Amino acid sequence: MAEGRSSIVITVFSTTSGIGKTFVATNLAAGLAKDGNAVCLIDLDLQYGDVANYLNLQGVPTIADIPPSMPVNKVQDYIGEYRHGNVSFSVLPAPYQVEKSYTLDERRIISIINHIDKFNFIIVDTKAEFNDMNMAVMDISTIINFLCVADFVPAIKNLKNGYEAILRFGYDVNKVRPVLNRSDSQTLIDPGDVETVLGKRFYHEISNDFKGASNSIRSGCPLVLSDSNSKVKRDLYELVGLYTNRKKVSEQATHNGIISFFKKLWSR
Ligand SMILES: Nc1ncnc2c1ncn2[C@@H]1O[C@H](COP(=O)(O)OP(=O)(O)O)[C@@H](O)[C@H]1O
Ligand SMILES: [Mg+2]
């Protein structure tokens with residue numbers, strides 16, 4: 001944790017796009033806020049960020065709207081808000097116009113995050129890429145939520161490469177938490193095999209619910225705040241609970257890894 005910063009920073013990262021980072025990040029922010037935490041959600045998928053769309057936010061100032069002359073310790077009061085019923089959290093969306101992303105300086109963004117002191121949690125959504133922005137935010141993160149899916153062999157190869165790279169970069173193995181999204185999708189790939197390939201158990205699993213996910217995105221309301229009683233909503237809220245000790249890690253679901261094609265492939 002950076003000197004003086006009191007917030008827990010959880011960065012949602014993956015090696016493949018379209019696997020649910022924004023879906024998970026918005027639900028994490030909403031779930032933590034629902035549990036009474038002061039939360040700020042920051043979209044660092046700077047060119048094509050979806051946080052504002054997923055929350056149906058209009059006119060909320062983006063990260064590119066922060067006046068360059070504004071001192072970093074004043075920025076937290078400039079950040080807009082998402083509200084649903086009596087739950088609210090702060091949101092700093094990515095620029096609405098792609099070209100505005102070029103004006104952003106990652107050192108200033110990191111300095112802003114380091115000077116935010118009124119939130120218990122800062123949730124950071126990212127683009128699926130090892131770039132300077134993502135590396136800088138992973139450096140200052142308390143937890144890297146490394147999102148995985150067990151769908152295609154190339155995606156699993158990327159998972160393994162990305163996970164090993166993160167560890168090579170020197171991040172503590174306990175800081176990097178692989179979370180399996182769409183765990184029960186019908187892909188013929190056993191999640192246990194993916195754990196074997198990674199050499200690490202999933203910290204948590206989120207089930208597949210295409211209709212539930214799409215409906216929540218369309219309505220602009222994160223599933224954890226909806227009145228749905230779906231499994232995917234429970235899974236998302238349990239993940240929130242793992243970060244607040246509402247649920248013990250030992251209770252989490254795991255798979256029995258089996259020696260398989262993947263293990264043979266990568267153990268050579
Ligand atoms: N657990 C899930 N079950 C079903 N669909 C999901 C799930 N998580 C995400 N999706 C869908 O996957 C798509 C991509 O999600 P998104 O969060 O935008 O990915 P990313 O931010 O990694 O690019 C969205 O259409 C979303 O509805
Ligand atoms: Mg996204």
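## A tour from Arg 182 through strand 6

Begin by selecting Arg 182, which sits in the loop that connects strand 7 to helix 6 (191–198). The model on screen is a predicted one, and the backbone at this position deserves a look, since Arg 182 has a positive phi of about 55° although it is not a glycine. Display the surroundings of the residue as well: 24 other C-beta atoms lie within 10 Å, and because the cut-off for burial is 20 or more, Arg 182 is classed as buried.

For a second residue with this backbone feature, move to Asn 56, which also has a positive phi of about 55° without being a glycine. Asn 56 is to be found in the loop between helix 2 (51–54) and strand 3 (80–84). Is Asn 56 buried or exposed, or does it fall in between? With 13 other C-beta atoms within 10 Å, Asn 56 is partly exposed, because a residue counts as exposed at 12 or fewer and as buried at 20 or more.

Next, return to strand 7 (residues 176–181) and select strand 6 along with it; the two run parallel and are joined by five bridges. Within this pairing, pick out Leu 147, which stands opposite Val 179 in strand 7. Then add helix 5 (residues 153–168) to the selection, and you have the three elements, strand 6, helix 5 and strand 7, that together make a right-handed β-α-β unit.

Keep strand 6 selected and bring in strand 1 (residues 8–13), which runs parallel to strand 6 and is joined to it by four bridges. Here the pair to show is Ile 10 and Ile 143, the latter belonging to strand 6, which stand opposite each other. Strand 6 thus pairs with strand 1 and with strand 7. How much of strand 6 (residues 143–148) is covered? Five of its six residues are buried, and the strand is accordingly described as mostly covered. While viewing these strands from the side, bear in mind that in a regular strand the side chains alternate between the two faces of the sheet.

Finally, zoom out to the whole chain, which has nine helices and eight strands. Its radius of gyration is 18 Å, close to the 18 Å that the globule rule gives for 268 residues, so the chain is as compact as a globular protein of that length. Taken along the principal axes, the box filled by the C-alpha atoms is roughly 55 × 40 × 35 Å. Of the 268 residues, 43% count as buried, and among contacts with a separation of 6 or more, 78% are between residues 24 or more positions apart.

Note on methods:
Residues are numbered from 1 along each chain as its sequence is written. Chains are lettered from A and ligands numbered from 1 in the order in which they are written. This is a predicted model: local features need pLDDT of at least 70, side-chain atom pairs count only at pLDDT 80 or more; totals for chains, interfaces and linings use all residues. Two strands pair if DSSP finds at least two bridges between them. A crossover is right-handed if, with the strands pointing away from the viewer, the path from the first strand over the helix to the second runs clockwise. The radius of gyration is taken over C-alpha atoms; the globule rule is 2.2 Å times the number of residues to the power 0.38. Two residues are in contact if their C-beta atoms, placed from the backbone, lie within 7 Å.
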